[in-house]
Structures are given as structure tokens and as C-alpha cells.
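Got your viewer open? Here is a walk through the model, one selection at a time.

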Amino acid sequence: MKMLNEFKTFIARGNVMDMAVGIIIGAAFTAIVSSLVEDLINPLIGLFTGGVDFSGLAVRMGEGEHAATFAYGSFIMSVINFLIIAWVVFLLVRGVNRVQEMAMGPKELAEPEHTEKDILIEIRDALTSRPAP
């Protein structure tokens, strides 16, 4: 029963709900990025590379229907998808950070608790108060 109550508390936290929403939106966003890459970027890449479709690039290793296929074109497309998603997430985080900075106003530089001089004075005092050997 205690574990069930802990689980309820864990699920009810705001950050868990935010994470769940983020995962759902991320899954939908991945579909959009996949379509962007497959429907818009691949044709542009094909235009510059003479019609080469990366997603179909592969090397068969062996003969017959059970031969292994080294599908490096699919890997290239996955890397392109990742880079696009990473770039968009970077832009989103950058935008959110700028909005937060504007809302909070200019950051004030905090004075350090101890300056170098204070630390050196403490060291000197500790050494002078030590009994001689």
C-alpha cells in the first residue's frame, strides 16, 4: 500500500505530467519532421546529387532472401532527422530563454561570498594561530 501511495505522489507531481506532455508532443513532432525530411528535404538533396535517394541506399551482404542488408541510406536519413529535430529544439529553448530573460529583467551580478583577499586573510590567520612545532 505504501508503494502505491508513493506512486500516486510521483505521478501527481507537475514535472512528471510535463514530461508526459513533452513525450506526446515529441512523438507528434517526430512525425512532422519525418514528413519534412522525406517529402521536402530528400527531393532537394536528390536534386543536388543527381536524383540519388539516400533512403534506398544499401549494400546486400550475401545471396538469397536471407542475405543481410547494410542499409546505410536509412542511417543517413535518421541522422538528418536527428539534426533537424535537434536544431528546432535548440531554437525553441533559445526562444524560451530569451523570453524568460526579458520577463526577469537584466541579471545583476552577485558579489561572491568571499573574495580572494578574504580567503588569503583566513589562511594567514589560520597559519598564525597554529602552535609552533
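The stops below run from one helix to the next, then on to a few spots beyond them. Keep in mind as you click that this is a predicted model.

**Stop 1: the N-terminal end.** Select M1, L4, F7, F10, I11 and M17 and show their side chains. Together these residues form a nonpolar patch on the surface, with about 630 Å² of accessible area. Now colour helix α1, residues 2-12. That helix supplies the largest share of the patch, four residues. Click on I11, which lies in helix α1. How exposed is I11? Its relative accessible area is 33%, so I11 counts as partly exposed.

**Stop 2: helix α2.** Move along to residues 14-48, which make up helix α2, and pick out D39 there. D39 has a relative accessible area of 49%, so it falls in the partly exposed class, which runs from 20% to 50%. Try a distance from here: D39 and F54 sit 15 residues apart along the chain, and their C-alpha atoms are separated by 13 Å. Keep F54 selected for the core stop.

**Stop 3: helix α3.** Select residues 72-104, the 33 residues of helix α3. Put a distance between its end C-alpha atoms and you should get 47 Å. At 1.5 Å a residue the expected span is 48 Å, so the two values agree. Which residues of α3 are buried? They are G73, M77, I80, N81 and I84. Step off the end of α3 and you land on G105, where phi is positive, near 85°.

**Stop 4: the core.** Show V33, V37, F54, M77, I80 and I84 as spheres. These six residues make up the largest nonpolar core. The elements giving it two or more residues are α2 and α3, and α3 provides the largest share, with three. Zoom in on I84. What does I84 touch once neighbours within four places in sequence are left aside? Its contacts are V33, L36, V37 and I41. Of these, V33 and V37 can be found in the core list as well.

**Stop 5: the loop before α3.** Go to A71, in the loop between β2 (68-70) and α3. With 36% relative accessibility, A71 is partly exposed. Not counting residues up to four places away in sequence, A71 touches L57 and A58. Add S55 to the selection: S55 and A71 are 16 residues apart along the chain, with 8.1 Å between their C-alpha atoms.

**Stop 6: a salt bridge.** How many salt bridges does the structure hold? It holds one, so this last selection is short: R124 and D125. Their side chains meet in that salt bridge, at 3.0 Å from N to O. Check the exposure of each partner too. R124 is partly exposed, with a relative accessible area of 49%, and D125 is also partly exposed, at 36%.

How values were computed: Residues numbered from 1 in each chain as written. Predicted model: local features only at pLDDT ≥ 70, side-chain atom pairs only at ≥ 80, totals over all residues. Heavy atoms only, no water. Salt bridge = Lys/Arg side-chain N within 4 Å of Asp/Glu carboxyl O. Buried < 20%, exposed > 50% of the residue type's maximum accessible area, 1.4 Å probe, protein only. Expected span 1.5 Å × (residues − 1). Core = buried A, V, L, I, M, F, W, Y, C linked by side-chain atoms within 4.5 Å. Contact = heavy atoms within 4.5 Å. Patch = residues over 30% accessible without salt bridge, like charges linked within 9 Å, V, L, I, M, F, W, Y side chains within 5 Å. Areas by Shrake-Rupley, 256 points an atom, 1.4 Å probe, with all protein chains shown as cover.
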